[in-house]
Amino acid sequence: QMQLVESGGGLVQAGGSLRVSCAASGRAFSSYNMGWFRQAPGKEREFVAAIGWRAIFYADSVKGRFTISRDNAKSTTYLQMNSLKPEDTAVYYCTADAKKVDTGPGAWNYWGQGTQVTVSP
């Protein structure tokens, strides 16, 4: 079992930056693939970024602006978001899975409660 708790969301103006964090509890954090999804009102949950053993993946919409990273010693995953746009407004969810990285939310086993990110024009 793994528990995930996100933090760091908030309100920021367009063009600004924000970093969200995901603290994990449970065993063997370093062996899990970690990811970030987001869900805007009235829209489906969508893939943002993921970090696996040897690769990092980004959605095209955030490539070049967002950076995912992890600190295995702290059992924490981060999502640094730069050049934010109003369309980045969503609840951001941290997720973890031990088997594979996948852009579909159904493939991931563990989810946090989400943190709201709001980007004003």
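Buried here means under 20% relative accessible area, exposed means over 50%, and partly exposed is anything in between, with a 1.4 Å probe and protein chains only. Serine 75 just makes that cut: its relative accessible area is 19%, so it counts as buried. Keep that residue in mind, as we'll come back to it.

Some ground rules. This is a predicted model, so local features need pLDDT of at least 70 and side-chain atom pairs count only at pLDDT 80 or more, while totals for chains, interfaces and linings use all residues. Numbering runs from 1 along each chain as its sequence is written, and side-chain values use heavy atoms, leaving out hydrogens and water.

Let's start with the whole chain. There are zero helices and eleven strands, where helices (H or I, at least four residues) and strands (E, at least two) are DSSP runs numbered from the N terminus. The radius of gyration is 13 Å, close to the 14 Å from the globule rule for 121 residues, so the chain is as compact as a globular protein of that length. That radius is taken over C-alpha atoms, and the rule is 2.2 Å times the number of residues to the power 0.38. Along the principal axes, the C-alpha atoms fill a box of roughly 40 × 25 × 25 Å.

Of the 121 residues, 45% count as buried. Contact means heavy atoms within 4.5 Å; among contacts with a separation of 6 or more, 59% are between residues 24 or more positions apart. The accessible surface is about 6300 Å², with 49% of it belonging to carbon and sulfur atoms; areas come from the Shrake-Rupley method with a 1.4 Å probe, and for residues only the protein chains shown count as cover. As for charge, the chain has 13 positive and 9 negative side chains, and the centres of the two sets lie 6 Å apart. In that tally Lys and Arg are positive and Asp and Glu negative, with His and the chain ends not counted; each charge is placed at NZ of Lys, CZ of Arg, CG of Asp or CD of Glu.

Now zoom in on β7, residues 66–71. Its side chains alternate: Phe66, Ile68 and Arg70 point to one face and are buried, whereas Thr67, Ser69 and Asp71 point to the other and are not. Strands pair if DSSP finds at least two bridges between them, and β7 pairs with β8 (residues 76–81) in the antiparallel sense over six bridges. Within that pairing, isoleucine 68 stands opposite leucine 79. The two strands form a hairpin with four residues between them. Serine 75 sits in the loop between β7 and β8, and its phi is near 50°, positive in a residue other than glycine.

Serine 83 makes a handy companion. It also has a positive phi of about 50° without being a glycine, and its loop is the one between β8 and β9 (90–97). Serine 83 is partly exposed, with a relative accessible area of 40%.

From β8 you can step across to β3 (residues 18–26). β3 and β8 pair in the antiparallel sense over six bridges, and alanine 23 has threonine 76 of β8 as its bridge partner. β3 also pairs with β1 (residues 2–7), again antiparallel over six bridges, with serine 7 opposite serine 21 in β3. β1 has a covered face of Met2, Leu4 and Glu6, and an uncovered one of Gln3, Val5 and Ser7.

What does arginine 70 touch, not counting residues up to four places away in sequence? The list is Phe29, Ser30, Tyr32, Asn33, Met34, Ile51, Gly52, Thr76 and Thr77. The C-alpha atoms of arginine 70 and serine 21 are separated by 9.3 Å, although the two residues lie 49 apart along the chain.

Last stop: alanine 50, in strand β5 (residues 46–51). Alanine 50 counts as buried at 0% relative accessibility. Leaving out residues up to four places away in sequence, alanine 50 touches Met34, Gly35, Ala55, Ile56, Phe57, Ile68, Val101 and Trp108. Its C-alpha is separated by 6.2 Å from that of tryptophan 36, which is 14 residues away along the chain.
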